[in-house]
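Biologist: Can you walk me through this one? Keep it simple, please.

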Amino acid sequence: MVAASRGVFFVHIVTASGVAWALLALQAAVNRDWPTMFFWLGVALAVDAIDGPLARRFSIAQVMPRWSGVTLDLVVDYANYVFVPAYAIARSGLLPDVLAMPAGAAIVVTGALYFADSNMKTADNYFRGFPALWNAAAFYLVLLSPQPWLSASAVTALLIATFLPFAFVHPLRVKRGRGITIAALIAWAILGLAALWYDMRPGPWVTVPLCAIALYMLTVGLFRRKAQEE
């Protein structure tokens with residue numbers, strides 16, 4: 001029984017490894033090495049995709065109740081989805097200098113509030129509001145490199161959207177259209193790797209599909225709301 005528990009504890013170690021990837025991503029961000037930063041954030045994203053199914057497969061909450069997998073997951077996700085990207089956005093030079101650090105501070109504060117919200121998900125597993133996916137926001141800002149005022153406007157819109165009552169799809173847990181969403185996620189991962197390969201300056205054959213997938217992820221929840229209202 002003890003040996004089995006130790007084996008199950010490995011799932012917690014897998015989850016906790018996410019903060020190690022966050023540290024490596026932060027080191028790359030300090031050096032403004034954006035492709036490397038996004039690579040490590042991508043590794044953390046992959047870990048986040050597999051640790052939940054592993055935890056449920058081994059009933060880790062029942063076998064090892066001393067350690068809260070939910071709390072651990074929130075700590076790791078905050079580091080990778082909010083804190084490191086906030087630093088990158090503030091340091092990237094893509095925002096007006098006077099707004100860079102205030103924007104970073106606003107991201108980490110609103111992200112913390114969002115992660116503390118016990119109603120962050122709907123009953124059918126959609127997120128309520130923009131789910132603090134600042135790793136994705138940072139990725140698109142670096143990829144597209146818009147004018148500073150436009151970057152600031154986009155960050156402001158996402159900060160506000162964090163608290164708006166619209167549905168944002170969870171790509172793995174929402175049943176409606178799951179096949180399409182997972183296919184889009186796989187395509188995004190492949191195209192994202194291509195963007196890293198080209199030092200975040202790929203051609204339109206990568207950028208245009210990446211933007212189309214982002215648009216899909218942002219708007220698919222609107223169809224869910226319409227269906228619910230009907």
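Modeller: Sure. This is a predicted model. Of the 230 residues in the chain, 40% are buried.

Biologist: What is the secondary structure of the chain?

Modeller: Nine helices and two strands. From the N terminus on, the order is α-α-α-α-α-β-α-α-β-α-α. The chain is as compact as a globular protein of that length, because its radius of gyration is 18 Å and the globule rule gives 17 Å for 230 residues.

Biologist: And what does the C-alpha trace span along its principal axes?

Modeller: About 60 × 50 × 35 Å.

Biologist: How much area does the chain expose?

Modeller: About 12,500 Å². Carbon and sulfur atoms supply 70% of that area.

Biologist: New topic. How many residues does helix 5 have?

Modeller: Helix 5 has 19, covering residues 97-115. From first C-alpha to last, helix 5 reaches 28 Å, close to the expected 27 Å.

Biologist: Which residues in helix 5 are buried?

Modeller: Among them are Ala-100, Ala-103, Gly-104, Ile-107, Val-108 and Gly-111. Tyr-114 and Phe-115 are buried too.

Biologist: Why would buried positions recur along a helix?

Modeller: An α-helix has 3.6 residues a turn, so residues three or four places apart point the same way.

Biologist: What about the surface? Which residues form a nonpolar patch there?

Modeller: Val-109, Leu-113 and Phe-163. Together they have about 300 Å² of accessible area.

Biologist: Where is Phe-163 found?

Modeller: Phe-163 is in the loop between helix 7 and strand 2.

Biologist: Why do you call Phe-163 partly exposed?

Modeller: Because its relative accessible area is 49%, and exposed means over 50%.

Technical notes: Residues are numbered from 1 along each chain as its sequence is written. This is a predicted model: local features need pLDDT of at least 70, side-chain atom pairs count only at pLDDT 80 or more; totals for chains, interfaces and linings use all residues. Side-chain values use heavy atoms; hydrogens and water are left out. Helices (H or I, at least four residues) and strands (E, at least two) are DSSP runs, numbered from the N terminus. The expected span of a helix is 1.5 Å times one less than its number of residues. Buried means under 20% relative accessible area, exposed over 50%, partly exposed in between (1.4 Å probe, protein chains only). Patches are made of residues with over 30% relative accessible area and no salt bridge: like charges are joined within 9 Å, nonpolar side chains (Val, Leu, Ile, Met, Phe, Trp, Tyr) within 5 Å. Accessible areas come from the Shrake-Rupley method with a 1.4 Å probe; for residues, only the protein chains shown count as cover. A salt bridge is a side-chain nitrogen of Lys or Arg within 4 Å of a carboxyl oxygen of Asp or Glu. The radius of gyration is taken over C-alpha atoms; the globule rule is 2.2 Å times the number of residues to the power 0.38.
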